[in-house]
Amino acid sequence: MILKAFLVIFGCLFLGQIFIYLTNLPLPPSVIGLLILFGALQSGVVKLKTVQTLAKTLLDYLVLMVVPACISIMQYLDIIRRDAWVLIFATLISTFLVLVVTGKSYEWLRIWQKRHAQQREKS
């Protein structure tokens, strides 16, 4: 069962690689692969129980996959130190923008849901 899950996940990642290669889009192929996997799960082409055990296992060991990337950042400490203010400023601005856009999106969605519910009650 785990082998089938690996094949499904890596197959979706491979399809993402092919898609990016053919379209030359400036997106990470892994993101496209995850979207393909999401679409396959939503459409029922892939059953959730097929990949669920592997997904839980991978999430359990996620820290081990992230640590090497964090350690490799240490190679660029001189660049980070040189551009620290730019990085801090960009992080603060982007965090603020994400909070505002998320809040406004939620607010808009709630208004839309209330209007939609009122229209259903009237009809």
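I take helices to be DSSP runs of H or I with at least four residues, numbered from the N terminus. The model I am reading is predicted, and I accept local features only at pLDDT of at least 70 and side-chain atom pairs only at pLDDT 80 or more, whereas totals for chains, interfaces and linings use all residues. Residues are numbered from 1 along each chain as its sequence is written, and side-chain values use heavy atoms, without hydrogens and water.

Entry 1, the surface. I looked up the nonpolar patch (nonpolar side chains Val, Leu, Ile, Met, Phe, Trp or Tyr joined within 5 Å, from residues with over 30% relative accessible area and no salt bridge, that is, no Lys or Arg side-chain nitrogen within 4 Å of an Asp or Glu carboxyl oxygen). Together its residues, among them V63, I73 and L87, have about 890 Å² of accessible area, by the Shrake-Rupley method with a 1.4 Å probe. Helix 4 (62–73) and helix 5 (77–82) each supply at least two of them, and helix 4 gives the most, with 4 residues. I73 lies in helix 4 and is partly exposed at 44% relative accessible area (buried is under 20%, exposed over 50%, partly exposed in between).

Entry 2, the core. I found that the largest nonpolar core (buried Ala, Val, Leu, Ile, Met, Phe, Trp, Tyr and Cys joined through side-chain atoms within 4.5 Å) has 9 residues, including V8, L37 and V51. Helix 1, helix 2 and helix 3 (48–60) each give two or more, with the largest share, 4 residues, from helix 1.

Entry 3, a loop. I noted that N24, between helix 1 (2–23) and helix 2 (29–43), has a positive phi near 55° although it is not glycine, and that N24 is exposed at 65%.

Terms used
Buried < 20%, exposed > 50% of the residue type's maximum accessible area, 1.4 Å probe, protein only. Patch = residues over 30% accessible without salt bridge, like charges linked within 9 Å, V, L, I, M, F, W, Y side chains within 5 Å.
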